[in-house]
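Colleague: Could you walk me through this one slowly? I am new to reading structures.

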Amino acid sequence: MKSKSTHIEQLHKQYIESLIREKRIVRTYQLFIFAFFFSVWELSSRLEWVDPLIFSSPSKIIELLLTKIQDGSIFTHIGYTVFETILGFILGTLSGTLLAAILWWSPLVSKVLDPYLVILNAMPKVALGPILIVALGPGFTSIIAMGAIISVIITTIVVYTSFREVDPNYMKVLQTFGASRFVCFKEAILPACFPTIISTLKVNVGLSWVGVIVGEFLVSQQGLGYLIIYGFQVFNFSLVLMSLLIIAVFATIMYQLVEYLERKMIKSSNQ
Amino acid sequence: MSFLRIQNISHTYFTKKSAKTALSSISLDIEEGSFISFLGPSGCGKTTLLSIISGLLNPSSGQVLVEGRPIQEAEEPLIGYMLQQDYLFPWKTIEENILLGLRILNKSNEISRKKTFRLLKEIGLEGTENQYPKQLSGGMKQRVALVRTLAADPKLLLLDEPFSALDFQTKLRLEDLVSATLKSFGKTAILVTHDIGEAIAMSDTICLFSSNPGQIYKQISVPEQLRNLTPFEARAHPEYASLFQTVWKELENLEK
Ligand SMILES: Nc1ncnc2c1ncn2[C@@H]1O[C@H](COP(=O)(O)OP(=O)(O)OP(=O)(O)O)[C@@H](O)[C@H]1O
Ligand SMILES: [Mg+2]
C-alpha cells in the first residue's frame, strides 16, 4: 500500500516535470522566433536585400523611438490614441447595452427597428468616417465616435439576443412577488447576461482600435494613426513601422486587461 | 364565502396557425386552509390554470376572486407560486435567494428576516446561507425554493409538480415537511401532480381534469382518516389503497 502511494507520488512528480519541460521548450521557441525575425530584418536591411527606405530596420526604429521619447512627443501621441480607444470602447459597449435594454423593454420598438439594425450591422462603419468628421468637426470627438460606432450595433444585437434567451421563468418568479418590469430587468435579465456582456468587451476592444486608427487617419492631427499617415506621406517608413509596433503593444495590453477582468468577473459570478 | 373562487374560467391560446382552447368553463371554490390537488393527463391545462390563479396570465373569460376580490387588486402578496423547477437565481447566494421576495415587496425588516432564517433552519438547511445554488443538491434546491415562496408569507400556495424531479425518498420526506409546514401556518394550497399517491396522501380534495379542452371531470374528497395523518403514514393506511383504486379507475375512464 505504502509503496504504491509513493509510486503515484513519483508519477505525479514526473508529470509536473514534463509539464514544466514542455513550457520551457515553448518559451524557447517563442523567443527564438522573436529574435530570428528581428535579426533577419536588421540584417537584410543592412545588406540591402530589401529596400531600407521602405522596410527600415529595428535599429533605426529604436533610434527614432529614443529621440521621440527624449523630446516627449511620442507620449502625447500614445496618450491621445489610448485615451480615444478606451473612451470609444466604453461608450460603444455601454450604449450598445443600453440600446439592447431599450429593445428588450419595448417589443414593439424592437420589431420596428429590426431591419434597420440588420442594415446598420451589415454596413462597414468606417465608411461613416467622413460624415462624422463633417458633423462633429475634425477633432477627437469624431475619433471617439468612430471608436464607439464601430462596436455599438454588434453589441446591441448580441446583448439583446442574450436578454431574450433568459429563461422567462426567472421573471415569473419575480412577478409572483409583484415585481415591475424594471425590477425584473435588474434582478434577472441583466445579471443573467453578464457573462455575454463581458465577452462582448473582448471583441469591442479590438474593434475600437480599428475605429480610432481609421479616425486618426482621416482627422490627421494627433495620435499613432496620424503618425502612420504622416510617415507615409513624407515617406518616413521608420515612423510608420514604429507606430505600428507601439499600437501592437498597447492593443495587446488592453486586450489582456479585459481578459483579466473577464476572468475575475466570471469567477465572482459563478463561485 | 369561499377563500378562493374560480368562476367560469376559459382560456384559449392563440398562435398564428392555431387557436388552442386549454381550459373550458372551470369553476371551483376552495375553502381557507384546505389542500387541493390537480390530477390529470399531460396537456390538460393544469399549469395554465395555476398561471391564471396567480395572476400571471389573463384568462380569455371568467374571473378568479381571492377573499372576494380580483387577485390583481390585492395589495398584499396573497399568492406564492412555486414553479415546476426551483428557479433559484444562480448568481445569488441562498440567503439572497430566500430574502428576494421580502426585498421586492419592501417587507424586509429584522423580524421578517429572522422568520425566514428560522424557516430555513426548520427545513434542515441551516448553514447554507452563504452558498450558491449549484453547491446544493436537487432536493436541497427545491427546499430553498419552498422557503423563498413561504418567506413572503402568502395565504395561498400554488405548487406545480414541486417533487417531480426528486428521488423517491427525498420526495416522501419533503411531502411530510411541506404538509406539516402548511398545516402549522394554516395555509391554503393547490398542488399539481402526476402522482396519484401523492395527491391522496397530501390533499383534502382531488380534482381530476380531462383534456381537450381542459375541464374538471370529477372532484374526489379524501376521507377524514387520511387527512389527519402525515403523507407518509397515509400511504400505509388501508383506506389509501382503496382510494388509489378508485382514482385509478376514474383516470382510466377518462382516457376512453
Ligand atoms: N404559451 C402557449 N401557447 C400556446 N399553447 C400553449 C401555451 N402553453 C400551453 N399551451 C397549450 O395548452 C395546453 C395546456 O397546457 P398546460 O401547460 O397548462 O398543460 P399541463 O396540464 O400543465 O401539462 P403537464 O402536465 O404536461 O405539465 C397544452 O395543450 C399546450 O399545448
Ligand atoms: Mg404543467
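Modeller: Let us begin with one cysteine, bearing in mind that this is a predicted model: A:Cys193 counts as buried, because its relative accessibility is 1% and the cut-off for buried is under 20%.

Colleague: And which cysteine sulfur is nearest to that of A:Cys193?

Modeller: The nearest one belongs to A:Cys184 and lies 13 Å away, and A:Cys193 is in no disulfide. A disulfide needs the two sulfur atoms within 2.5 Å, and by this rule the count over all chains is zero.

Colleague: What about B:Cys44, is that buried or exposed?

Modeller: B:Cys44 is buried, with a relative accessible area of 1%, and B:Cys44 is likewise in no disulfide, since the nearest cysteine sulfur, that of B:Cys207, is 11 Å away.

Colleague: Switching topic, how many residues does the contact take from chain A and chain B?

Modeller: There are 19 residues from chain A and 19 residues from chain B, and the area buried between the two chains is about 1,800 Å², with carbon and sulfur atoms giving 68% of that area. On the side of chain A, 38% of the area buried against chain B is supplied by A:Tyr170, A:Phe177 and A:Glu187, which is more than any other three residues supply.

Colleague: Which residue does A:Glu187 form a salt bridge with?

Modeller: Its partner is B:Lys92, with the closest N and O atoms 2.6 Å apart, and the rule finds two salt bridges across this interface.

Colleague: Which helix gives the largest share of chain A's side?

Modeller: That is H8(A), with seven residues, and by class the side of chain A that touches chain B has nine nonpolar, seven polar and three charged residues.

How values were computed
Residues are numbered from 1 along each chain as its sequence is written. Chains are lettered from A and ligands numbered from 1 in the order in which they are written. This is a predicted model: local features need pLDDT of at least 70, side-chain atom pairs count only at pLDDT 80 or more; totals for chains, interfaces and linings use all residues. Side-chain values use heavy atoms; hydrogens and water are left out. Buried means under 20% relative accessible area, exposed over 50%, partly exposed in between (1.4 Å probe, protein chains only). Contact means heavy atoms within 4.5 Å. Buried area is the accessible area (1.4 Å probe) that two parts lose on being put together, summed over both. A salt bridge is a side-chain nitrogen of Lys or Arg within 4 Å of a carboxyl oxygen of Asp or Glu. Helices (H or I, at least four residues) and strands (E, at least two) are DSSP runs, numbered from the N terminus. Ala, Val, Leu, Ile, Met, Phe, Trp, Tyr, Cys and Pro count as nonpolar, Asp, Glu, Lys and Arg as charged, and the others, Gly among them, as polar.
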